Amino acid sequence: MYLLNAPITAVREVARGMGVVSMEAPEIAATVRAGQFVNLGLAGVFLRRPFSVYRVDGDRIEVVLKAVGVGTAGLLSMVPGDLVSCLGPLGGGFDLTAGPRTAVLVSGGVGVAPMPLAAREARALGMRVTWVHGARSSEELCSEADGDVVIWATDDGSRGFAGTAVAAAPDGDVVLACGPNRMLAAAAERWPEAQVAVETYMGCGTGVCLGCAVPLKRGGFDRACKEGPIYRAADIDWASLPAHLPYAITA
Amino acid sequence: MTADMGVAVGGMTLRGPVLAASGTFGYGTEVPLLERRALGGMVSKGIFLRPRAGTPPPRIVETPSGMLNAIGLQGPGAEALIRDYAPLWASWDFPVLVNINGESVAEYGELTQRLDGVPGVAGFEINISCPNVEQGGLYFGNAPRAAAAVTEAVRKRTKLPVWVKLTPMVTEIGVIARAVESAGADALCAVNTFVGMSIDLNAHKPRLSFRTGGLSGPAIRPLAVHLAHQAARAVKIPVVGVGGIMRAEDALEFLVAGCAAVQVGTATFVNPRAIAEIHDGIAAYLASRGYSSLADLPRYLPRD
């Protein structure tokens with residue numbers, strides 16, 4: 001775990017209202033695994049906010065986000081050279097060591113965040129990657145995709161499959177999913193063994209505040225920031241995990 | 001010149017005046033970036049005799065200059081603490097106080113008895129101020145007689161230092177402070193979180209599943225400085241100031257206002273190095289003013 005003042009190197013738009021922010025964080029870039037996240041200090045909000053690492057390019061890491069409040073809007077409007085306090089890498093990553101032949105990466109909206117790294121790791125292990133990405137409409141789809149097969153899904157049918165990413169996806173030896181919790185709950189119904197990256201409010205990101213509680217099927221809670229944020233879909237008590245977090249008012 | 005940062009407080013000799021506050025530092029095994037030399041001591045996450053699952057999510061929500069939390073004292077219980085953490089603490093070079101909780105006076109006593117004498121347990125911080133449990137917690141904190149009864153129950157079962165963490169949710173903190181002082185407390189910690197609420201305007205209900213939560217962070221600091229000062233005026237035992245300390249200057253406010261030491265909590269969530277930076281900042285302040293030790297820092301503490 002490192003705490004860096006990371007210089008911003010670039011910001012680019014990848015969908016309507018959604019941008020990718022690149023920053024120089026060599027120690028994190030060298031060690032981060034797909035599914036891990038960084039906790040960024042944002043101007044105008046008090047607590048750090050967690051972001052899955054989207055891509056790694058040399059010494060740089062990238063995060064993807066939508067402007068939902070002053071903190072995220074400020075991050076998206078940063079210019080090269082601005083500094084952002086970056087804590088990470090945090091949490092555990094996807095488990096891709098098993099070596100099956102096909103990986104299906106299913107994401108909704110900004111849930112695309114951990115998928116480019118996952119695609120890279122899966123391909124490095126010799127897997128064939130199917131990339132399935134959904135959003136409400138074509139303008140909200142992340143324009144960047146990375147798969148041997150790419151499937152688009154939109155709720156309004158404006159591009160690709162008309163319906164959810166989960167409905168559009170084929171089966172695979174390994175299924176990875178990230179998106180709103182209600183989407184992940186649907187993924188859990190279809191693929192109990194899927195590895196899902198959950199969304200929770202988070203305080204410290206380091207395991208001490210116990211704020212990011214994830215309700216488990218076996219009872220009790222554990223921490224998205226430590227034991228998570230990647231879970232076996234069947235292990236989560238989906239009915240007790242808030243389906244929607246109103247980040248708009250807090251980030 | 002380097003100022004002497006050592007301080008004697010509530011039956012303990014600490015190498016520095018900055019402690020990690022309960023519930024913000026786990027059991028000391030996480031927060032890997034902190035330089036431990038800066039820790040005067042640590043207070044463990046609050047523990048009950050038996051394991052507790054805690055409250056369902058959402059447990060935290062950000063508020064202006066702070067946060068609300070309702071964790072519900074999730075914890076593994078006394079036996080797991082003794083087995084998994086106390087042996088580590090016994091080898092550390094700073095003292096660990098265990099934040100103890102109960103649903104009854106008898107349960108506080110039973111927990112103390114179980115932990116007393118366990119190597120690694122250097123003292124107790126009695127939590128009579130947690131707003132996030134249905135039974136106990138805050139109930140004991142705002143009734144002087146109940147606060148004294150809990151303190152006595154713990155005091156009778158240990159010779160280790162006994163600190164009592166006070167709630168701000170009282171009409172006059174001095175009354176509670178004097179009650180627990182009379183019951184045998186070695187020090188007071190002032191203050192725990194304020195009870196607050198935040199409403200989701202889409203769902204038309206509280207944002208926290210527990211409905212209410214404890215407010216912490218810089219939002220409460222001036223309130224906490226005032227209450228710690230009032231407590232310090234009311235008693236002869238030392239007061240450990242806590243509430244919204246983010247920087248050395250904030251800690252120094254509590255110290256000048258009459259506190260013997262401070263606890264840093266929520267700041268650690270935002271900056272894992274906060275405790276070290278605050279410790280070093282206090283030392284730099286003392287040196288820059290020509291004080292050779294923390295004891296030389298002028299205090300504003302007219303006695304009641």
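# A tour from a loop in chain B to the core

Begin in chain B by selecting B:Leu73, which sits in the loop that runs between β6 (66-69) and α1 (78-89) of that chain. The model is a predicted one, and the backbone at this residue deserves a look, since the phi of B:Leu73 is near 55°, a positive value in a residue other than glycine. Is B:Leu73 buried or exposed? B:Leu73 counts as buried because it has 24 C-beta neighbours inside 10 Å, where the threshold for that class is 20 or more.

Staying in chain B, move to B:Arg211, in the loop between β13 (205-206) and β14 (213-216) of chain B. Although B:Arg211 is not a glycine, its phi is positive, at about 80°. Its surroundings can be set beside those of the previous stop: B:Arg211 has 13 other C-beta atoms within 10 Å and is therefore partly exposed. As background for both stops, most residues other than glycine have a negative phi, and most peptide bonds are trans.

The peptide bonds are the next thing to inspect. Select B:Pro57 and B:Pro58, which are joined by a cis peptide bond with omega about -5°; B:Pro58 belongs to the loop between β4 (41-43) and β5 (60-63) of chain B. Then cross to chain A, where the bond from A:Gly88 to A:Pro89 is cis with omega near -5°, and where A:Pro89 is part of strand β7 of chain A.

**Two domains of chain A**

Colour chain A by its division into domain 1 (2-90) and domain 2 (102-245). The centres of domain 1 and domain 2 of chain A, taken over C-alpha atoms, are separated by 20 Å, and 22 residues of domain 1 of chain A are in contact with 22 residues of domain 2 of chain A. On the domain 1 side of this contact, β1 (2-15), β3 (37-40), β4 (49-52), β5, β6 (60-66) and β7 (83-90) of chain A each supply at least two residues. By class, that side of domain 1 of chain A has 15 nonpolar, three polar and four charged residues.

**The sheet and its helices**

Now display the strands of the open seven-stranded sheet of chain A, whose order is β11-β10-β9-β8-β12-β13-β16 and whose pairing is mixed. Its edges are formed by β11 (161-162) and β16 (230-232) of chain A, each of which pairs on one side only. Zoom in on β13 (residues 195-197) of chain A, which runs antiparallel to β16(A) and is joined to it by three bridges; within this pair, A:Gln195 has A:Arg232 of β16(A) as its bridge partner. Helix α5 (residues 181-190) of chain A packs on the sheet, where it touches β8 (102-108), β12 (174-178) and β13 of chain A, and its direction makes about 175° with that of β13(A).

Select next helix α3 (residues 115-124) of chain A, which is mostly covered, with seven of its ten residues buried. Those buried residues are A:Met115, A:Pro116, A:Leu117, A:Ala118, A:Ala119, A:Glu121 and A:Ala122, and the elements they pack against are β5 (55-57), β8, β9 (128-135) and β12 of chain A. After α3(A) comes A:Gly126, whose phi is positive, near 90°.

**Where the chains meet**

A:Gly207, in the loop between β13 and β14 (213-215) of chain A, leads towards chain B. Which residues does A:Gly207 touch, beyond those up to four places away in sequence? They are A:Arg223, A:Cys225 and A:Lys226 in its own chain, together with B:Gly26 and B:Glu30. A:Gly207 counts as partly exposed because it has 19 C-beta neighbours inside 10 Å. Measuring from C-alpha to C-alpha should give 9.1 Å between A:Gly207 and A:Gly91, which are 116 residues apart in sequence.

Widening the selection, 26 residues of chain A are in contact with 30 residues of chain B. The chain A side of this contact divides into 17 nonpolar, eight polar and one charged residue.

**The core**

Finish with the largest nonpolar core, which has 195 residues and in which A:Ala187, B:Leu188, B:Ala228 and B:Val240 touch the most other members. From chain A, this core draws at least three residues from each of domain 1 (2-90) and domain 2 (102-245). For a close view select B:Ala228, which, leaving aside residues up to four places away in sequence, touches B:Ala190, B:Val191, B:Val239, B:Gly241, B:Phe254, B:Ala257 and B:Cys259.

Key:
Residues are numbered from 1 along each chain as its sequence is written. Chains are lettered from A and ligands numbered from 1 in the order in which they are written. This is a predicted model: local features need pLDDT of at least 70, side-chain atom pairs count only at pLDDT 80 or more; totals for chains, interfaces and linings use all residues. A nonpolar core is a set of buried Ala, Val, Leu, Ile, Met, Phe, Trp, Tyr and Cys residues joined through C-beta atoms within 7 Å. A residue is buried if 20 or more other C-beta atoms lie within 10 Å of its own, exposed if 12 or fewer, and partly exposed in between; C-beta atoms are placed from the backbone. Domain bounds come from an automatic or database domain assignment. Two residues are in contact if their C-beta atoms, placed from the backbone, lie within 7 Å. Ala, Val, Leu, Ile, Met, Phe, Trp, Tyr, Cys and Pro count as nonpolar, Asp, Glu, Lys and Arg as charged, and the others, Gly among them, as polar. Two strands pair if DSSP finds at least two bridges between them. Helices (H or I, at least four residues) and strands (E, at least two) are DSSP runs, numbered from the N terminus. Axes are lines fitted to C-alpha atoms, for helices over the stretch in contact, and angles run from 0 to 180 degrees between N-to-C directions.
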